[in-house]
Structure formats: C-alpha cells, structure tokens
Amino acid sequence: MDDLFDSLPPADAPEPMHDPAAPPALVVRGLAKSYEDTQALVDLSFEVRPGEILGLVGPNGAGKTTALRTIAGVLPIESGQVSVCGHDLVADDVEAKRRLGWVPDDPQPFDTLTVAEHLEFTAALFRVADWRGRAESLLERFELIEKRDALGGELSRGMRQKLAFACTWLPSPRLVLLDEPLSGLDPRGIRAARYAIDELAKEGTAVILSSHLLELIQALASRLLIVDKGRKVFDGTLEEARTDLAPNPGSSLEEIFFAATGERVLDALPADPTATP
Ligand code: ATP
C-alpha cells in the first residue's frame with residue numbers, strides 16, 4: 001500500500017505545545033451554505049488556535065454539522081474562506097486536508113477492510129513514518145485490540161466510533177473536528193475518549209468539539225462558539241460567556257446556552273425534575 005501514496009511529501013513534525021500567540025490552526029471567514037430553501041450557515045467567522053478546544057454548541061439544526069463538514073472539505077464551500085495552518089482549503093486543498101482530522105457523527109468505515117487495515121491505509125494515505133507502534137497503542141487506547149481482524153462492516157456503532165478516533169489520531173493532525181464524539185460509546189469508551197481529546201489539545205492540536213453534552217463542553221473546552229440558525233451568537237471563553245450572557249450570577253452553562261439561543265426556550269421549558277437542588 002505504501003507505493004500508492006509515494007507522490008505525497010511526508011507529513012510535517014507536530015506543532016509544539018499550546019502557545020496563545022501562535023498563528024491560528026483554523027481560520028474561517030464569512031462561511032455561508034444553503035440547502036435549497038434552508039440557509040444553514042450565514043456569514044460564519046471564527047478562529048481556533050493550536051492547543052485550544054473550541055466547544056461548538058447550538059440547538060438542533062443550528063448548522064454545526066454543516067460547518068464541520070464544510071471545514072473537513074466534504075461539502076463544497078459556497079462562499080467564504082477556510083484555511084488550515086495557513087493553507088487555503090480550496091486553493092491548497094491537499095496541504096490543508098493533510099493537517100486535519102474529522103470524526104463525523106456516524107463514522108462509516110470501509111465494509112471490506114479490517115480494523116488493522118484501516119490503520120494501515122490511513123498511515124499510507126498520510127505517509128506516517130514508523131506508524132506500527134503508534135497504531136498498536138491507539139488500538140489499545142481505544143479498546144480495539146480484540147477487533148483488529150474484524151471487518152469494518154462487522155463493527156458495532158461504538159466500535160466504528162473508536163476506529164474513527166484511532167484513524168484520526170494516527171497521523172497527528174494539527175486540527176481535529178469532532179462531531180458528537182461520545183455518542184455510541186460505553187462508559188469506558190467515554191472515559192478513554194475524554195482523556196484522549198484533552199491530551200490531544202495539550203500536545204498542541206487545535207480541536208473543535210461539537211456536542212449537545214454541555215457538561216462535556218464545560219469540562220474540556222477552553223472557548224465556546226454558540227451558533228443558532230446558522231449564525232454565530234457568541235464566541236469567547238467560558239468566563240466571557242458567564243460575564244456577557246449569564247442571566248444570573250453563578251448561572252450554569254445550560255442557562256447561558258438558553259440565554260444565548262433565545263429567551264423563548266427558557267420560557268417554554270419546565271424546571272428540570274431530575275436536577276439536584
Ligand atoms: P443537530 O444538532 O440536530 O445535529 P446541526 O446543528 O448539526 O443539528 P445541521 O445538520 O448542520 O445542524 O443542519 C443545519 C440546517 O440545514 C437544518 O435546517 C437542516 O435541516 C438543514 N440540512 C442539513 N443537511 C441537509 C441536507 N442534506 N439537505 C437539506 N437540508 C439540510
């Protein structure tokens with residue numbers, strides 16, 4: 001398989017640890033996207049720096065998956081610009097894409113490749129040197145050792161998710177896009193994934209973490225991007241969100257989220273009967 005990708009130059013060495021003054025790993029400017037009569041993204045602009053975890057939140061249909069799929073290069077850019085580590089996603093697409101990893105909300109591996117072959121394929125595609133030891137430790141980390149010879153088509157939902165993590169982590173990308181990364185995982189898998197995401201950012205990778213699990217966002221994200229109806233409604237640190245958006249001192253992230261995405265939600269919701277007093 002190595003010969004297939006000989007035309008690509010080897011991947012760069014990973015970025016150093018998080019430096020707040022470092023140039024952004026991702027710059028998004030004026031992104032717009034419509035599906036027939038739905039305007040899914042409207043003039044969306046934001047940046048993510050190396051080592052930062054950006055929590056992407058918003059109600060159902062807000063445009064989060066559309067934004068991630070566009071940045072991943074899966075959906076064509078209708079208008080606006082995306083640049084990954086200074087490489088324009090359209091003009092310099094190979095250089096941009098080789099620096100990014102994407103775990104979609106429902107990963108679909110190749111039916112006829114085994115788990116181990118997915119890693120081998122990824123290593124060849126991204127020209128990862130000495131990948132076998134790293135692949136082995138990722139199989140272990142994401143509890144796939146016993147499934148190394150299982151075909152993609154035989155994997156459960158959670159195992160597909162774990163394989164997507166392993167393949168995304170293998171080339172040490174500079175930017176990782178995670179769309180509801182914990183859905184389908186068992187409690188051990190959730191713990192491993194949370195730890196792996198945190199560690200990835202500490203090693204200097206920029207991460208976008210899209211999730212409805214506000215507790216996960218609160219625990220891992222250093223910044224928050226709230227979108228609603230395709231528009232950015234807040235972009236800043238969690239502290240800034242508390243200062244700018246919190247309806248009351250000491251408001252939870254859930255209350256901040258409701259405040260940012262419309263009072264109507266607060267008005268319409270009954271008190272949570274499961275909340276601890
Ligand atoms: P959720 O939290 O429910 O996953 P989201 O924030 O990820 O939602 P998107 O999936 O990006 O939102 O959808 C944004 C808007 O675009 C919605 O109004 C949705 O109905 C619409 N949309 C998404 N994909 C398509 C498609 N393939 N065809 C038509 N409309 C679409």
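This briefing looks at two helices, one cavity and one glycine. The structure is a predicted model. Helix α5 is largely enclosed by the rest of the structure, because eleven of its 13 residues are buried. A search of the whole structure finds one cavity of 30 Å³ or more. Residue G80 sits in strand β4.

**Helix α5**

- Helix α5 covers residues 157-169.
- Its length can be checked: at 1.5 Å a residue, 13 residues should span 18 Å. The C-alpha atoms at the two ends are 19 Å apart, which agrees.
- Which residues of α5 are buried? They are G158, R160, Q161, K162, L163, A164, F165, A166, C167, T168 and W169.
- Several elements help to cover these buried residues. Among them are two strands, β6 (100-103) and β7 (175-179).
- Helices also take part in the cover, including α3 (115-125), α4 (131-141) and α6 (187-202).

**The cavity**

- Rolling a probe the size of a water molecule over the atoms shows where empty space is left.
- The largest cavity has a volume of about 30 Å³.
- Its lining is made of R141, F142, E143, K162, L185, G189, A192 and A193.
- One of these lining residues, K162, is also among the buried residues of α5.
- Which helix gives the largest share of the lining? That is α6, with three residues.
- The lining is mixed in character: four residues are nonpolar, one is polar and three are charged.
- Two domains contribute to the lining, with at least three residues from each. Domain 1 consists of 2-11 + 22-99 + 173-261, and domain 2 consists of 109-172.

**Helix α1**

- Helix α1 runs over residues 64-71.
- Is α1 mostly covered or mostly uncovered? It is mostly covered, with six of its eight residues buried.
- Those buried residues are K64, T66, A67, L68, T70 and I71.
- After α1 comes G73. The phi of G73 is positive, near 85°.

**Glycine G80**

- Strand β4, which holds G80, spans residues 79-84.
- Is G80 buried or partly exposed? G80 is partly exposed, with a relative accessible area of 35%.
- G80 and V28 are 52 residues apart along the chain. Their C-alpha atoms are separated by 7.6 Å.
- What does G80 contact, leaving aside its neighbours within four places in sequence? G80 is in contact with R29, G30 and L31.

Notes. Residues numbered from 1 in each chain as written. Predicted model: local features only at pLDDT ≥ 70, side-chain atom pairs only at ≥ 80, totals over all residues. Heavy atoms only, no water. Helix = DSSP H or I, 4+ residues; strand = E, 2+ residues; numbered from the N terminus. Expected span 1.5 Å × (residues − 1). Buried < 20%, exposed > 50% of the residue type's maximum accessible area, 1.4 Å probe, protein only. Contact = heavy atoms within 4.5 Å. 1 Å grid on protein atoms, 1.4 Å probe; cavity = no way out; pocket = protein on both sides within 12 Å on 5 of 7 lines; lining within 4 Å. Points joined across faces, edges and corners; volume = space filled by probe spheres on them. Nonpolar A, V, L, I, M, F, W, Y, C, P; charged D, E, K, R; others polar. Domains from an automatic or database assignment.
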